[in-house]
Amino acid sequence: VASEGALLESLAATRGIERNGLVFKLLTALKQITNHPAHYLREQPPSNGESAAFTARSAKTAALSELLQAIRQREEAALVFTSYVAMGRLLTTHLSHLGHDPLFLHGGTSLTERQRMVDAFQAGQHPVMILSLKAAGTGLTLTRAAHVSHCGRSWNAAVEDQATDRAHRSGQHQTGTV
C-alpha cells in the first residue's frame, strides 16, 4: 500500500519524538491488519451473504468463528474482548450472521443498556458477549462465561488479565478457558 511506503520513507528521515510517533502509527496499523484487513481498511461490516468471504480474509476471525461454534455446540458462553470498537462492530455483525446473537458492550453503551446486557448475558439469553477492553475491563461480573477470548491484544498484559477476571470471579462454577 502506497501510504505504508511513504510512512516507511518518513520513518527513515525522522528522529526523536516524531520518529517514535511514526513507529507507533505503523505498529497500530499492523495490529489492526492482524485483527482483520477490514478493520485497518475501515470497511463496513459484512452483509449476510459476505460472511464466508469475510471469515476467509483473516485467520484470526476464522479461528474465533470456529471456536465460538464449538462453544455453542457445548451450550456454553463466551466473552470476546477487543481493544477497538471498530473491530467489535465488525465482529458483532459477522457473528450475528453466523447465528451467535452477540451483545456488544463498549464505551458508548449507556448505564441502563449496560446493565440490561449484563443481565441478559448472565440469564443465558445470549451466548456471546463482545466487550471493549476500556469499557468492560473492570467492574463487571460475568460468571456465566466459561470461555474468554482476547481478539486484538492489549499493549498491557495486566489489562487483559483484569478483563479475563470478569468471568473468573467468585461465583464461577465452571472451569475457565482463555
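Visitor: Where does R42 lie, and what makes R42 exposed?

Guide: In this predicted model, R42 lies in the loop between α3 (37-40) and α4 (51-56). Its relative accessible area is 68%, and exposed means over 50%; therefore R42 is called exposed.

Visitor: What is notable about phi of R42?

Guide: Phi of R42 is near 55°, a positive value in a residue other than glycine. Most residues other than glycine have a negative phi. D101 also has a positive phi, near 50°.

Visitor: Why is D101 called partly exposed?

Guide: D101, in the loop between α6 (85-97) and β2, has 41% relative accessibility. Partly exposed covers the range between 20% and 50%, so D101 counts as partly exposed.

Visitor: How do you know that F24 is partly exposed, and where is F24 found?

Guide: F24 is found in helix α2 (residues 16-35). Because its relative accessible area is 48%, F24 falls between the limits of 20% and 50% and is partly exposed. F24 also belongs to a nonpolar surface patch with V23, L27, L30, I33 and W155; together they have about 570 Å² of accessible area.

Visitor: Which residues touch the most other members of the largest nonpolar core?

Guide: That core has 20 residues, and L79, F81, L105, F121, M129, L131 and L142 touch the most other members. Two or more residues each come from β1 (78-82), β2 (103-105), α7 (111-122), β3 (128-132) and α8 (133-136). The most, four residues, come from α7.

Visitor: What does M129 touch?

Guide: Among the residues that M129 touches are L79, L105, F121 and L142.

Methods. Residues are numbered from 1 along each chain as its sequence is written. This is a predicted model: local features need pLDDT of at least 70, side-chain atom pairs count only at pLDDT 80 or more; totals for chains, interfaces and linings use all residues. Side-chain values use heavy atoms; hydrogens and water are left out. Patches are made of residues with over 30% relative accessible area and no salt bridge: like charges are joined within 9 Å, nonpolar side chains (Val, Leu, Ile, Met, Phe, Trp, Tyr) within 5 Å. Accessible areas come from the Shrake-Rupley method with a 1.4 Å probe; for residues, only the protein chains shown count as cover. A salt bridge is a side-chain nitrogen of Lys or Arg within 4 Å of a carboxyl oxygen of Asp or Glu. Buried means under 20% relative accessible area, exposed over 50%, partly exposed in between (1.4 Å probe, protein chains only). A nonpolar core is a set of buried Ala, Val, Leu, Ile, Met, Phe, Trp, Tyr and Cys residues joined through side-chain atoms within 4.5 Å. Contact means heavy atoms within 4.5 Å. Lists of a residue's contacts leave out its neighbours within four places in sequence.
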